[in-house]
Amino acid sequence: SRAMASGPLRRALLHALPREQLLQQQVLENTGSTWGRVVTGPFATTTYAYDARLAQPEYSLSLAASLAATAKKEFGGALPALKLRAPGDAVVARVVPELQRHW
């Protein structure tokens with residue numbers, strides 16, 4: 001989409017999420033389980049497309065706000081409406097409202 005072509009907007013969305021907290025609270029439901037992990041991309045860690053050398057993005061609201069302000073300028077003063085497509089999985093259903101809240 002045109003919105004996702006914006007590097008600052010993509011990075012703003014990335015830095016606005018407390019990924020480890022979402023994993024523990026929403027996905028693993030604070031069970032103390034070690035079966036989940038945060039990854040740096042949408043690819044399985046066993047494929048050539050995944051680079052384990054990439055550092056985890058930091059959770060930084062100030063950086064996310066700065067990047068969103070930069071993206072606003074790219075779009076003429078207002079961020080575009082975004083659409084999120086997600087499978088109907090129960091775990092995803094728990095996480096999506098939290099993603100939206102942070103964004």
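What pLDDT does the protein average, and what percentage of the residues score at least 70? The structure is a predicted model. Its average pLDDT is 91, and 100% of the residues reach a score of at least 70. Confidence was also compared by element. Helix α3 has the highest mean pLDDT, at 97. The lowest mean among the elements belongs to α2, at 93.

The largest pocket was examined next. Its volume is about 1200 Å³. The lining comprises 39 residues, and those closest to the pocket centre are L13, L14, L17, L99 and W103. Four elements give two or more residues to this lining: α1 (7-15), α2 (19-27), α3 (61-74) and α4 (90-102). By residue class, the lining holds 30 nonpolar residues. A further 4 are polar and 5 are charged.

Helix α4 begins with a cap. D89 caps the N-terminal end of this helix. A side-chain oxygen of D89 lies 2.9 Å from the backbone nitrogen of V91. Within α4, the buried residues are V95, V96, E98, L99 and H102. These buried residues pack against α2. The spacing along a helix gives some context. An α-helix has 3.6 residues a turn, so residues three or four places apart point the same way.

The α2 side of this packing was traced through two residues. L22 is found in helix α2. It counts as buried because its relative accessibility is 7%, under the 20% cut-off. Leaving out residues up to four places away in sequence, L22 touches L17, V27, E98, L99 and H102. Of these partners, E98, L99 and H102 are listed among the buried residues of α4. L17 is one of the residues closest to the centre of the largest pocket, and L99 is another. L22 was also placed relative to V38. These two residues are 16 positions apart along the chain, and their C-alpha atoms are separated by 9.5 Å.

Q26 is the second α2 residue considered. At 16% relative accessibility, Q26 also falls under 20% and therefore counts as buried. Its contacts, again without residues up to four places away in sequence, are Q21, R94, V95 and E98. E98 thus appears in the contacts of Q26 and in those of L22. V95 and E98 are both buried residues of α4.

Helix α1 contributes a further buried position. H15 lies in this helix. Its relative accessibility is 11%, so H15 counts as buried. Neighbours within four places in sequence were set aside. The contacts of H15 are then P57, E58, Y59, S60, L61, L63, A64 and L67.

The loop between α2 and α3 carries two backbone features. E29 is found in this loop, as is N30. E29 has a positive phi of about 55° although it is not a glycine. N30, likewise not a glycine, has a positive phi of about 55°. Are these two residues buried, partly exposed or exposed? E29 has 46% relative accessibility; this value lies between 20% and 50%, so E29 counts as partly exposed. N30 has 56% relative accessibility, which is over 50%, so N30 counts as exposed.

Key:
Residues are numbered from 1 along each chain as its sequence is written. This is a predicted model: local features need pLDDT of at least 70, side-chain atom pairs count only at pLDDT 80 or more; totals for chains, interfaces and linings use all residues. Side-chain values use heavy atoms; hydrogens and water are left out. On a 1 Å grid over the protein atoms alone, a cavity is a set of points where a 1.4 Å probe fits but cannot get out, and a pocket is an open set with protein on both sides within 12 Å along at least five of seven lines; lining residues have an atom within 4 Å of a point. Grid points are joined across faces, edges and corners, and a volume is the space filled by probe spheres set on the points. Ala, Val, Leu, Ile, Met, Phe, Trp, Tyr, Cys and Pro count as nonpolar, Asp, Glu, Lys and Arg as charged, and the others, Gly among them, as polar. pLDDT is the predictor's confidence in each residue, from 0 to 100. Buried means under 20% relative accessible area, exposed over 50%, partly exposed in between (1.4 Å probe, protein chains only). Contact means heavy atoms within 4.5 Å. A polar contact is a pair of N or O atoms within 3.5 Å; within protein, one must be able to donate a hydrogen and the other to accept it, and residues adjacent in sequence count only if both atoms are side-chain atoms.
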